[in-house]
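Have a look at the structure below and keep it open while you read. We'll take the way helices pack, then the empty spaces, then a couple of backbone oddities.

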Amino acid sequence: RVKPTAIYGPWGTNSLVEAANHFNEINTEIRVVDEARSIMPKDLFKGTVVPASAQPVSVVSNEAVKVTAVENTHFLADSKAKMPHRSLAYRFDTKDRSIVFAGDTNYSDNLVALAKGADMLVCEVMEVEATQKKFDERVKKGYYADNPQGVWAHIIGAHTSTVDAGRMAAAAGVKTLVFTHVIPGALAELKDDAYIKGAAEHFKGKIIVGKDQMVL
């Protein structure tokens, strides 16, 4: 690469990029000497922190795309009081379409506002009953042994149920709802209808359960 690449993300993004550059220092030194390279990765890759805000903030805006972001509700108040990390949802507006990526989140009024009128909302989804069943089975096998209660509290409190996904899509007035980060996913091999059913109680638009390498 010879052209700079800008990386945008939540709190810690700049530190993460700096750490990646530091990790690559040995490889860089070898290529500077052995290949006479002259461009340093640390000068090409820069991290920019996007503010976590209840109101949409501008991330990038050019002729091709306008990107805005809001803080979602992946981290609850008690957790946020103890750490600086935040979670964001992003909206991409182009000349002919608009797509919103919810990220990991529980029901979020901020996300609903960000997604107003979008063509597509890409949202994680969890079928709660099946997820709890599989979680309990895994706990009995010794998974999450240090604190299964804490892990479950996070799973149920920081992710989107099928019903809440439908509620957010309906409130935002999007045209299409696409499910990703599907839980329990491969752990239970549920049919698509199991994820669609809860969302369809509130959202009457098109619902798609995303698959690897699917093109929409």
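Before we talk about helix packing, one bit of vocabulary: an axis here is a line fitted to C-alpha atoms, for a helix over the stretch in contact, and an angle between two of them runs from 0 to 180 degrees between N-to-C directions. Keep in mind, too, that this is a predicted model.

With that in hand, find helix α8, residues 162–172, and its partner α9. The two pack at an angle of about 50°, and their axes are 6 Å apart. An angle that is neither under 35 degrees, nor over 145, nor from 65 to 115 counts as oblique, and α8 and α9 are therefore oblique to each other. As for handedness, α8 passes α9 in a right-handed crossing. Which residues meet there? On the α8 side they are Thr162, Val163 and Gly166, and on the α9 side Ala194, Tyr195, Gly198 and Ala199. Sort the residues of this contact by class and you get four nonpolar, three polar and no charged ones.

Now slide over to another pair, helix α6 (residues 128–140) and helix α7 (residues 148–158). Their axes come within 12 Å and cross at roughly 165°. Angles over 145 degrees count as roughly antiparallel, so that is what α6 and α7 are to each other. Here as well the crossing is right-handed, with α6 passing α7. From α6, the contact uses Val128, Thr131, Gln132, Phe135 and Val139, while α7 brings Pro148, Val151, Trp152, Ile155 and Ile156. That makes eight nonpolar residues, two polar and no charged ones.

While you're in this area, look at the loop between α6 and α7, where Tyr144 sits. What is special about its backbone? Phi of Tyr144 is near 55°, a positive value in a residue other than glycine. Most residues other than glycine have a negative phi, and most peptide bonds are trans.

That second habit of backbones has its exception here too. The peptide bond from Ile183 to Pro184 is cis, and its omega is near 10°. You'll find Pro184 in the loop between β8 and α9.

Those two elements also take us to the empty spaces. Rolling a probe the size of a water molecule over the atoms shows where empty space is left. The largest pocket has a volume of about 370 Å³. It is lined by 18 residues, and the closest to its centre are Val182, Val209, Gly210, Lys211 and Asp212. Both β8 (176–183) and α9 (192–200) supply at least two lining residues each, and β8 has the largest share, with five. By class, ten of the lining residues are nonpolar, four are polar and four are charged.

Where does the second largest pocket get its lining? This pocket has a volume of about 290 Å³. Of its 13 lining residues, Thr28, Arg31, Arg37, Ile39 and Pro41 are the closest to the centre. Three elements give two or more residues to the lining: α1 (13–23), α2 (25–34) and α3 (41–44). Among these, α2 gives the most, with four residues. The lining as a whole divides into six nonpolar, four polar and three charged residues.

Note on methods:
Residues are numbered from 1 along each chain as its sequence is written. This is a predicted model: local features need pLDDT of at least 70, side-chain atom pairs count only at pLDDT 80 or more; totals for chains, interfaces and linings use all residues. Side-chain values use heavy atoms; hydrogens and water are left out. On a 1 Å grid over the protein atoms alone, a cavity is a set of points where a 1.4 Å probe fits but cannot get out, and a pocket is an open set with protein on both sides within 12 Å along at least five of seven lines; lining residues have an atom within 4 Å of a point. Grid points are joined across faces, edges and corners, and a volume is the space filled by probe spheres set on the points. Ala, Val, Leu, Ile, Met, Phe, Trp, Tyr, Cys and Pro count as nonpolar, Asp, Glu, Lys and Arg as charged, and the others, Gly among them, as polar. A crossing is left-handed if the near helix is turned anticlockwise from the far one by less than a right angle, and right-handed if clockwise. Contact means heavy atoms within 4.5 Å.
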